[in-house]
Amino acid sequence: MINRIPQALIDELISRTNIVHIINQRIPLKKQGSNFIACCPFHVEKTPSFTVNLKKKFYYCFSCGSHGNIINFLMHHDQLTFIESIQQLSILHGISIKHFLYKTKNNNYHGDIIYTFMRDICNYYQNNLKHKKYSYAYKYLKNRGLTDSSIIDFKIGFAPMGWNNILTNINLSSYNHKLIHQSGMWIKYHQNKKYDRFRNRIMFPMHNKLGKIIAFGGRLIQNNNTEPKYLNSPDTYIFKKNQYLYGFYEICTKYKNIPYILLVEGYIDVIILTQFGVNYAVASLGTSITINHIQLIYSVTNQMICCYDGDSAGKKAAWRTLNIILPYLHDHREICFMFLPVKEDPDTLIRKIGKDNFLKQISKAQSLSNFIFDTLLHKVKIQTLEGRVKLSHLILPMINKIPGQILKLCLLQQLSNKIGILDENKLNQLLIQHSPTLTSNVQNNDITYNIKHILIGLLIQNPKLAKLVPTIKGLKECKDNIIIEFVKLVKLCKSYPYLTTEQLIHYYHQHDENNCFTNIIRLAHWNHMITDDMITVTFIDTLTKLYDLILEHRQNILISRDRTSTLKIEERQELWLLNQTLSKHTLT
Ligand SMILES: [Zn+2]
């Protein structure tokens, strides 16, 4: 099995790698201040919000929040596994990691071997379709209307009946059994005994961004009541179902500009649509859409069209999708919903009405606003006052989730037409009342908010400043969440004096107990404009201000207590000391 790659080696690879150089090979970066910037590769945008910091060895996108070190970048951008990313970097630096990886008889390392294995299986499945013995499988595909070129292009094959077809038909001598067991192609039933996962199924291979096969989907050739009609590979270390869209990488390799992506349900829909010349279709393998899918789609196009059944189950699924997608709807992005006639799939529909009419149907897909209002107006009696109140109540929290300001405004205007409030200010007030971030907005106006954030920001960017914090005793008694976070950070930096910003971020990524990771990331990339020679002075100044604020806070409590009741002797002494200290600080 794979030995664990030591953290020290991973850190060494990250620190030796010029992150700007590697990313620049993929997306051209421009220097801006201490950062390098570009349009984000993980979402579609016109003005750059993707930043790379050479010193901190980190990238961060201010729009979509993608972030990480060079390993995360390679995994996300090049669709590599963790081990593959490490391998790439190790080759770059001539550091051998071979003894951490399992070696096979052919001197291949498992990073590649799993793909060779999957390719061998795919070839075997494809060859089966040519066998007379399995001509019924080929006939099945023909009856479903697939052309020979589709069968070849999509590398479709057949997994026959039987429990040991892979074992008996593929030369496994060059593979390590334990390793290929992780491919998900077998089901283990007793110690070392296993049987083929896919039997009597039409097989659809799934490719990653580099065109390598990472999983399979299988369609039962004869329906029965004991097995599922569709079966996919389980999640493995090279395949994650909730991040995968069937047909996506084929589209990305074929087209440079993708006007829209049509999301459908099954592999056969994708294949038949492509066959009819309706390109840009992808399938989500029968699962409901995930955030990963949304990010994947919006990374290559701004227009997404979701195709659902026209029945109530289809409408419900579309509504679920809508609610997941709202927080990703920036002004330049669009989403539409296409509802199919009852009992039709994209596959059956296009065969009935042809390409042109199908494209017309796509262009008539319901817009976001139509879909929202149509659905909600069915739930309320708009003629009544109560109905109009209920409509606002249902829709305002949804509008609030949308980041696109213009889209937000348009939806508000539509709402005002429906409920009869024509004053924009009043509507905005309603929106604020429904805002879940109301409390945090109030916090932002708090003067101490800035002080605390400057401290955390400077410290996370310069962990060595921690030694300048003399004592955290006074701070520790403070119940303020941000100060608690600051104290935690100081402690961490003091216990591990050689921590870098990158390692701190990694730490927070792993141990995000208080959901402060996004904040930490933002502060790690905060462009503070303080010159290098002034950082220490600014930090000490700000720290003093914070101590004073805490003391003042305590002073105020004691003073007001003094007004309502008498203070105890020790409280009086404390107040006197506080007055002394604070007046001294004001003088200096
Ligand atoms: Zn981004």
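Me: At roughly what angle do the axes of helix α11 and helix α14 cross?
Reply: This is a predicted model, where local features need pLDDT of at least 70, side-chain atom pairs count only at pLDDT 80 or more, and totals for chains, interfaces and linings use all residues. Residues are numbered from 1 along each chain as its sequence is written, and side-chain values use heavy atoms, without hydrogens and water. Helix α11 spans residues 267-275 and helix α14 residues 346-363 (helices are DSSP runs of H or I, at least four residues, numbered from the N terminus). Their axes (lines fitted to C-alpha atoms over the stretch in contact; angles run from 0 to 180 degrees between N-to-C directions) come within 10 Å and cross at roughly 30 degrees.

Me: How are α11 and α14 oriented to each other?
Reply: Their axes cross at roughly 30 degrees. Angles under 35 degrees count as roughly parallel. The two helices are therefore roughly parallel.

Me: Which residues of α14 make the contact with α11?
Reply: Contact means heavy atoms within 4.5 Å. From α11 come Ile268, Asp269, Ile272 and Leu273. Their partners in α14 are Pro346, Asp347, Ile350, Arg351 and Phe358.

Me: Is Cys493 buried or exposed?
Reply: Cys493 lies in helix α22, residues 481-495. Buried means under 20% relative accessible area, exposed over 50%, partly exposed in between (1.4 Å probe, protein chains only). Cys493 has 4% relative accessibility, so Cys493 counts as buried.

Me: What separates the C-alpha atoms of Cys493 and Ala466?
Reply: Leaving out residues up to four places away in sequence, Cys493 touches Leu459, Pro463, Ala466 and Leu504. Ala466 is 27 residues from Cys493 along the chain. Their C-alpha atoms are separated by 6.0 Å.

Key
Parallel < 35°, antiparallel > 145°, perpendicular 65-115°, else oblique.
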